[in-house]
Amino acid sequence: MTRIRQAVRQNQTTLLKTGSYYAIHICVAAMVAYAVTGNLWASLTLSLLEPSVQAVAFFFHEKAWDRAARRRARPATAAAAAA
């Protein structure tokens with residue numbers, strides 16, 4: 001449980017961003033699915049399935065971008081320290 005709390009604290013911004021993205025994505029997906037199918041239950045099912053998978057992918061996408069930004073910042077920090 002401690003590891004989960006630590007992971008949540010370390011990733012709080014990314015988790016909040018992922019949650020807001022998820023909520024918006026569900027709403028948009030539900031509207032599109034209903035427009036295409038005309039069936040409320042089918043649109044709700046589709047709108048929960050696809051965004052759930054996307055939210056997980058988005059979280060890892062954000063983590064990869066954060067890691068890349070930290071790598072780019074390291075050479076700049078090393079160059080500034082050498083000067």
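**Exercise 1. In which helix is the place of I26? Classify its burial and list its contacts.**

Solution. This is a predicted model, and all values below are computed from it.
- Step 1: I26 sits in helix α2.
- Step 2: The cut-off for a buried residue is under 20% relative accessible area. I26 has 17% relative accessibility, so I26 counts as buried.
- Step 3: With residues up to four places away in sequence set aside, I26 touches S47, L48 and P51.
- Step 4: The C-alpha atoms of I26 and S52 are 8.4 Å apart, while the two residues are separated by 26 residues in sequence.

**Exercise 2. Describe the secondary structure and the overall dimensions of the protein.**

Solution.
- Step 1: The protein has three helices and zero strands, and its order along the sequence is α-α-α.
- Step 2: For 83 residues the globule rule gives 12 Å, and the radius of gyration is 19 Å, well over that value, so the protein is more spread out than a compact globule.
- Step 3: Along the principal axes, the C-alpha atoms fill a box of roughly 65 × 30 × 15 Å.
- Step 4: Of the 83 residues, 18% count as buried.
- Step 5: The exposed area of the protein is about 6,500 Å², with 68% of it supplied by carbon and sulfur atoms.
- Step 6: Among contacts with a separation of 6 or more, 63% are between residues 24 or more positions apart.

**Exercise 3. Check the length of α2 against the expected span, then sort some of its residues by exposure.**

Solution.
- Step 1: Helix α2 covers residues 12–37.
- Step 2: The expected span is 1.5 Å times one less than the number of residues. For the 26 residues of α2 this gives 38 Å, and the end C-alpha atoms are 37 Å apart, which agrees.
- Step 3: The buried residues in α2 are T14, T18, H25, I26, A29, A30 and A33.
- Step 4: V36 also lies in α2. The cut-off for exposed is over 50% relative accessible area; V36 has 68% relative accessibility and therefore counts as exposed.
- Step 5: V36 belongs to a nonpolar surface patch with I24, V28, M31 and V32, and together these residues have about 510 Å² of accessible area.
- Step 6: Just after α2, G38 adopts a positive phi of about 70 degrees.

**Exercise 4. How many salt bridges does a search of the whole structure find, and which parts of the chain are tied together?**

Solution.
- Step 1: The search finds one salt bridge.
- Step 2: Its partners are the side chains of E62 and K17, with an N to O distance of 3.2 Å.
- Step 3: E62 lies in helix α3 (residues 40–82) and K17 in helix α2, so the pair ties together parts that are 45 residues apart in sequence.
- Step 4: The partners fall into separate exposure classes under the 20% and 50% cut-offs. E62 has 13% relative accessibility and counts as buried, whereas K17, at 42%, counts as partly exposed.

**Exercise 5. Locate N11 and determine whether it is buried or exposed.**

Solution.
- Step 1: N11 is in the loop between α1 (2–10) and α2.
- Step 2: The relative accessible area of N11 is 13%, so N11 is buried.
- Step 3: Leaving aside neighbours within four places in sequence, N11 is in contact with F59 and K63.

Methods:
Residues are numbered from 1 along each chain as its sequence is written. This is a predicted model: local features need pLDDT of at least 70, side-chain atom pairs count only at pLDDT 80 or more; totals for chains, interfaces and linings use all residues. Side-chain values use heavy atoms; hydrogens and water are left out. Helices (H or I, at least four residues) and strands (E, at least two) are DSSP runs, numbered from the N terminus. The radius of gyration is taken over C-alpha atoms; the globule rule is 2.2 Å times the number of residues to the power 0.38. Buried means under 20% relative accessible area, exposed over 50%, partly exposed in between (1.4 Å probe, protein chains only). Contact means heavy atoms within 4.5 Å. Accessible areas come from the Shrake-Rupley method with a 1.4 Å probe; for residues, only the protein chains shown count as cover. Patches are made of residues with over 30% relative accessible area and no salt bridge: like charges are joined within 9 Å, nonpolar side chains (Val, Leu, Ile, Met, Phe, Trp, Tyr) within 5 Å. A salt bridge is a side-chain nitrogen of Lys or Arg within 4 Å of a carboxyl oxygen of Asp or Glu.
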